[in-house]
Amino acid sequence: MSAMVDHLASPPEAMRDRYDVVVVGSGYGGAIAAWRLARAGRSVCLRERGVEKQPGDYPDSTADLLQEVQLDGPHVRVGSRTALFDVRYNENVNVIVGCGLGGTSLINAGICLRPDGDVFTSSAWPQELREAAALDPYFAAAERMLRPALSTTVFLGSAKSVSLRRAAARTGKSATPAPVLVNFEHLTDDRNHVGVTQYPCVGCGDCVSGCNYHAKSTLIMNYLPDARNHSAALFTRSNARYVEAAEQGWSVHGHTLDERGAESAFTVGADIVILSAGTLGSTEILLRSGERGLPLSSQVGAHFSGNGDTIGFAYNAANHVDGVGLGARRAGGRVIGPCSTEVVTMHGDDLASTMLMADGTVPGAFADLLAPLLKADARLKGVDTSRGARDWIAERWRELQTLLLGPHAGAMRNTLFMLVVTHDDSAGRMFLDDDRLRVDWPGLGDQGQFSRASDAMLRVTRELDGTYVQNPVWNELTHHDTVTGHPLGGCVMADGPDQGVVNDKGQVFRGGSGGVHEGLYVMDGSVVPTALGVNPLLTISALAERSCHALATDRGWTIDYGLG
């Protein structure tokens, strides 16, 4: 399948020595910063460590998927440094982030929700943001560009959606349609609001392995192309390593990778540098910059959060779920729908014990690998909620169907993937070990939110007559290690350098000397000081919108907020 969107990245030889603004990273914060400041008439250079992929370029088979995984552990690093799925293995918490132009927007479920307003009343947030309405204008600005939408009636009637909705109702909870960053409409001339080709969702279910059908509203469908249309220069295969103060502004140092993996060093100057390399990347850059003498808060690397993420499976249920993406089988025939269509809010005694559950879809490219793992996990430590010899025989028959016919049949066809977001205490720590970022959080998996989430998923599984398989890495053998796709913190915003790394505008504190580094900002998930209780993309976007507005206001710049 060939891509139908013009490529956005410029060739490396087009990079100048200096720009008004250099943005490091192209996730939600970086894309917004590049867009807003290019629309303010500034010369903008955005640098992304991954490569550019357009619809048609994403993996849809197991063989393709394996080429798109990079694994970084304490003692080993394997895979291409530009592979799409960046997996960081640590002793207590494992992290999965996207690597490519558009960042994690390329591989997330696209659930686009505002947090409960009470989240911002925590003293962990800067005083200016401790009101529920403080971010409202910026949430609205991000929503206007991202265009979240509810799934169509057809997709809400899919087996996956109906399974979660009915199971939730039987446990006394209500499922509601989730706003997701997927297009469901036939657009005029097949062009969206920034002129990019975009088609309606075909229901393939492969949102989190990359949308090959021009339907998912990733950042290459909105902010990034419009930034380029306003003269921002976007560069890929460009890994920034540290920043330092220069005679005029800042210098960003790093290296570029060619297609063979060979490195060449670069230095680029700017009046303003915006670190938007994500929770892991921006923290790593500041830690490395601090080691080279840049005065910073001692809080760099602290307050890491996994946003309370956990997953589970209602495996081999009694009825069809159709929760496996089509992958190379292509769309047509069976309706899977987008990755997530419904959310169930489970209120606790307080905000900290509230959970959000969503349906999920196993990407087709991953299904052949997951099927034997789930079968083994179900045998070893799964909780079979069905009873009787007849149920046992039916379960074994469905497993045989999966073995013989593949993951779109039998036990895997009857498996519901559940994603739960809760609240953790943001007590993790990131640090450099041999110049590589590591995350440490002893005891995280023993925190009560994971047991509560596991109990909730077990209740849903029981209503589906399936076998509950919890997060495969959250068990006694692994000391309850966790996995998150929503890392937050490390450069958290606060009222001062004793509590955080940046102020409410994203300006980097100078540390004990007081004040901020003029022209040095962080805009991404690393500035978020607490778990959010919802998928964080919209909050990250709103904070970046607010920081860009403040940056422009402080300098007397005017941002063009129109489209077109």
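Two strands count as a pair here if DSSP finds at least two bridges between them. Keep that in mind, since strand pairs come up a lot today. One caution: this is a predicted model.

Let's start with strand S11. S11 covers residues 263–275, and strand S1 covers residues 18–24. The two run parallel and share six bridges. Take Val24 as an example. Its bridge partner in S11 is Leu275.

S11 also pairs with strand S10, residues 250–257. This time the sense is antiparallel, with eight bridges. Here Leu257 has Glu263 of S11 as its bridge partner. S10 and S11 make a hairpin, with five residues between the strands. Look at Gly261 in that hairpin. Gly261 takes a positive phi near 90 degrees.

Then there is strand S22, residues 516–522. S22 and S11 are parallel, and three bridges connect them. Ile274 is matched with Tyr521 in S22.

There is a salt bridge here too. Which residue does Asp271 join in a salt bridge? The partner is Arg18, and the closest N and O atoms are 2.7 Å apart. Asp271 sits in S11 and Arg18 in S1, so far along the chain from each other that 253 residues separate them. Asp271 is partly exposed, at 40% relative accessible area. Arg18 is partly exposed as well, at 31%.

Next, helix H1, residues 28–38. How many of the residues of H1 are buried? The count is 11 of the 11, so the helix is largely enclosed by the rest of the structure. Among the buried residues are Tyr28, Trp35 and Arg36. What covers them? The cover includes S1, strand S2, helices H3, H6 and H12, and S11.

Helix H12 deserves a stop. H12 spans residues 537–555, and Leu537 lies in it. Is Leu537 buried or exposed? Leu537 is buried, because its relative accessibility is 6% and the cut-off is under 20%. In sequence, Leu537 and Gly27 are 510 residues apart. In space, their C-alpha atoms are 9.4 Å apart. Beyond its sequence neighbours, Leu537 contacts several residues, including Tyr28, Cys112 and Leu181.

Cys112 brings us to disulfides. The structure holds zero of them. Why does Cys112 not form one? Its closest cysteine sulfur is in Cys207, 14 Å away, and that is too far for a bond. A disulfide needs the two sulfur atoms within 2.5 Å. Now take Cys207. The closest cysteine sulfur to Cys207 is in Cys339, at 5.7 Å, again too far for a bond. Cys112 is buried at 4% relative accessibility. Cys207 is buried at 8%.

Now a second sheet. Five strands form an open sheet in the order S4-S3-S5-S6-S20, with mixed pairing. S4 and S20 are the edge strands, each pairing on one side only. Further in, S3 (residues 69–72) and S5 (residues 85–88) run parallel, joined by four bridges. Gln70 stands opposite Asp86 of S5.

Asp86 has another partner. Its side chain meets Arg49 in a salt bridge, 2.7 Å from N to O. Arg49 is in the loop between S2 and helix H2, while Asp86 is in S5, 37 residues apart. Asp86 is buried at 1% relative accessibility. Arg49 counts as partly exposed, at 24%.

Another salt bridge joins Arg114 and Glu143, at 2.8 Å between the closest N and O atoms. Arg114 lies in the loop between S6 and H3, and Glu143 lies in H3, so the pair ties together parts that are 29 residues apart in sequence. Salt bridges with shared partners also link Asp72, Arg77, Arg436 and Arg438 into one network. The full count of salt bridges is 28.

Last stop: helix H9 and what follows. H9 runs over residues 389–405 and holds Trp397. Trp397, Leu400, Leu403, Leu404 and Leu405 make a nonpolar patch on the surface. Together they have about 590 Å² of accessible area.

Compare Asn414, in the loop between helix H10 and strand S16. Asn414 is buried, at 3% relative accessibility. Residues it touches include Ala314, Tyr315, His320 and Arg398.

Conventions: Residues numbered from 1 in each chain as written. Predicted model: local features only at pLDDT ≥ 70, side-chain atom pairs only at ≥ 80, totals over all residues. Heavy atoms only, no water. Buried < 20%, exposed > 50% of the residue type's maximum accessible area, 1.4 Å probe, protein only. Contact = heavy atoms within 4.5 Å. Patch = residues over 30% accessible without salt bridge, like charges linked within 9 Å, V, L, I, M, F, W, Y side chains within 5 Å. Areas by Shrake-Rupley, 256 points an atom, 1.4 Å probe, with all protein chains shown as cover. Salt bridge = Lys/Arg side-chain N within 4 Å of Asp/Glu carboxyl O. Lists of a residue's contacts leave out its neighbours within four places in sequence.
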